[in-house]
Amino acid sequence: MLGARCRAVALVLSTGMLPGLSSCSGKVAPPDMPAVADPRLQSVLSYVAGQLQQCSIPGGAIAIVENGQFTESVGFGLEDTGGAAVSATTRFQTAGMSKVVLGATALALVEKGKLDLSQPVTHYAPLTLAQGFDPSTVTVQSLLTHTSGLPDLDTDDLACPVGPGQLAAWFSAQPAQPLWSPPGAVWDYSQRGYVAAAWAIEGASSGQFEDAVASLVFGPAGMTTATYDPAVVLAGDYALGHAINSQGHTWQTYAPAQYDCEAFRAADGVYAGVDDYAQLAVTLYAGGGTMLQTASVNALETGQVTDELYPGDEYTYGMYSHDGWGQPVLRTSGSLHGFESSFWMVPDSSFAVVVFFDGDNPTTGCTTEDTAAFALTAFLGLTGPHWLTPPATWAPYAGTYFDPYELGTITVTFDGTNLTASTAASGPITLQQQSATAFEATFPTGTETVTFAPDENGPAGWFVTRLGVGKRQ
């Protein structure tokens, strides 16, 4: 539990450590800020210090890329409560940020003529589906863009074999899956889809996907400490993940190798320091270097499908793209095993920010995404759009939807003020708007994002969640 004993909180620059404040309260004391010359960075660090204190997050790290060049990285706070200070090279689990390196790997294989994204996944890996579903309708492109229709999979706590051939073994041991929606019909975030994409990469490269990523992305991009191997992490400098409740108490800590599985690695398993992703941004802004050709860089940075999370939001190959900031902004984030991570790029300004926290707190205003957005304002003067719409615009979402596999009949009602969804398992659930087409809903299994995707008949043809997908009746 946080606050059980006094702790020193330190902030570390790549050039050394400054002492921090100690605390015996339930909140982490804000670390002393370094004397940096750039007032923009100073304001970001001050903002971060407030986040650590507000949400009892032990520590983290941030890196900045400006004008296409790596400028500075900072470690702050502690790797564990009462533990060592975070450095700028401390490894963190990056979770969902792992997907952009898998996307870049796929594009590198396309350049080498070994992978065709338009081909069925079955051309590279013998994926099977439940009876009545044709796996040849699932392309590699649809896997990388979350439009395959493959059911999502919670990889958080998976434990399974790791090593050569284990993706094939893992898939063969899973029950045959249906498609929740026809390929290409809706965007629905799918961990299982990225595991299948990694399997296709193995087939295309005739080796393990980790080796393909290392040789095609980690090496050429200068991501020298990035790895999928927890044993490598444990032998070096790393942070523990801290799951923190809204009262500021750590209820669980996570160490590398606590969960290790070939399927988990494929979807979420990159461990890295902030400098690694800063170097990835530098490489992309340099036209791809020896990692990718310019056309592939453009593909990685260009929206491929609409994701319905925000109006005008698009998904690339592992990142989200939106131009509502005044300039197109690319972003990818992760939240898993007590870690938070964000990697945001502004290609028109050749700017990037990487933020890692070793604490995951549900309190609003304590996320790496908040810090990344603050950095965009501090360095570029960019502010995000206002996403919310008046309740009167929600009326088209009301109706009946049906999911034959998971949720059953879904009834969405609108009373002029509130939007509510009901399923047989959940009863009425209030939908809290996050953007014009995205809502937050607390199901019996936890809080999920609900989006309404259009079809040929109107703006709300699908009720889409990572728990299941319903078609409007």
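Before the helices, one convention: a helix axis here is a line fitted to the C-alpha atoms over the stretch in contact, and angles run from 0 to 180 degrees between N-to-C directions. Keep in mind throughout that this is a predicted model.

With that, take helix H5, residues 191–205, and helix H6. Their axes come within 8 Å of each other and cross at roughly 75°. H5 is therefore roughly perpendicular to H6, since the band for that label is 65 to 115 degrees. On the H5 side the contact is made by Ala198, Ile201, Glu202 and Ser205, and on the H6 side by Phe209, Glu210 and Ala212. By type, the residues of this contact divide into four nonpolar, one polar and two charged.

Stay with H6, which covers residues 209–221. Two of its residues deserve a slide each.

The first is Glu210, which lies in H6. Is Glu210 buried or exposed? Its relative accessible area is 9%, and the cut-off for buried is under 20%, so Glu210 counts as buried. What does the side chain of Glu210 make a polar contact with? The partner is the side chain of Arg265, at 3.3 Å. Leaving out residues up to four places away in sequence, Glu210 touches Glu202, Tyr228, Glu262 and Arg265. Glu202, as already said, belongs to the H5 side of the helix contact.

The second is Val217, also in H6. Val217 is buried, because its relative accessible area is 0%. Beyond the neighbours within four places in sequence, Val217 is in contact with Val101, Ala104, Thr105, Ala212, Met223 and Met291. There is also a sequence-versus-space number for this residue: Val217 and Thr290 are 73 residues apart along the chain, while their C-alpha atoms are 9.0 Å apart.

Now the sheets. I have two.

One is an open sheet of three strands, in the order E9-E8-E17, with mixed pairing. Its edge strands are E9, residues 250–254, and E17, residues 359–360, and each pairs on one side only. E8, residues 241–244, pairs with E9 in the antiparallel sense over four bridges. As a register marker, Ala243 stands opposite Gln252 in E9.

The other is an open sheet of nine strands, with antiparallel pairing. The order is E21-E20-E19-E18-E26-E25-E24-E23-E22. Its edges are E21, residues 427–430, and E22, residues 432–433, each pairing on one side only.

Start at the E22 edge. E22 pairs with E23, residues 438–443, in the antiparallel sense over two bridges. The bridge partner of Gln432 in E23 is Glu440.

Further along the order are E25 and E26. E25, residues 458–464, runs antiparallel to E26, and three bridges join them. Phe463 has Gly470 as its bridge partner in E26. The connection from E25 to E26 is a hairpin through four residues.

E26 itself spans residues 469–472, and two bridges join it to E18, residues 399–403, again running antiparallel. On the other side of E18, the pairing is with E19, residues 408–414, antiparallel over five bridges. A hairpin through four residues joins E18 to E19.

Which residues are the bridge partners of Phe402 in E26 and in E19? In E26 the partner is Lys471, and in E19 the partner is Thr409.

E18 also has two faces to report. In a regular strand the side chains alternate between the two faces of the sheet. In E18, the covered face holds Gly399, Tyr401 and Asp403. The uncovered face holds Thr400 and Phe402.

Last item, backbone angles. Most residues other than glycine have a negative phi. Two residues here go the other way.

Glu308 has a phi near 70°, a positive value in a residue other than glycine. Where does Glu308 lie? It is in the loop between E11, residues 305–306, and E12, residues 314–315. Glu308 counts as buried because its relative accessibility is 15%.

Ser350 has a phi near 50°, also positive and also in a residue other than glycine. Ser350 is found in the loop between E15, residues 339–346, and E16, residues 351–357. Its relative accessibility is 22%, so Ser350 counts as partly exposed.

Methods. Residues numbered from 1 in each chain as written. Predicted model: local features only at pLDDT ≥ 70, side-chain atom pairs only at ≥ 80, totals over all residues. Heavy atoms only, no water. Buried < 20%, exposed > 50% of the residue type's maximum accessible area, 1.4 Å probe, protein only. Contact = heavy atoms within 4.5 Å. Polar contact = N/O pair within 3.5 Å; in protein donor to acceptor, adjacent residues only side chain to side chain. Parallel < 35°, antiparallel > 145°, perpendicular 65-115°, else oblique. Nonpolar A, V, L, I, M, F, W, Y, C, P; charged D, E, K, R; others polar. Pairing = 2+ DSSP bridges.
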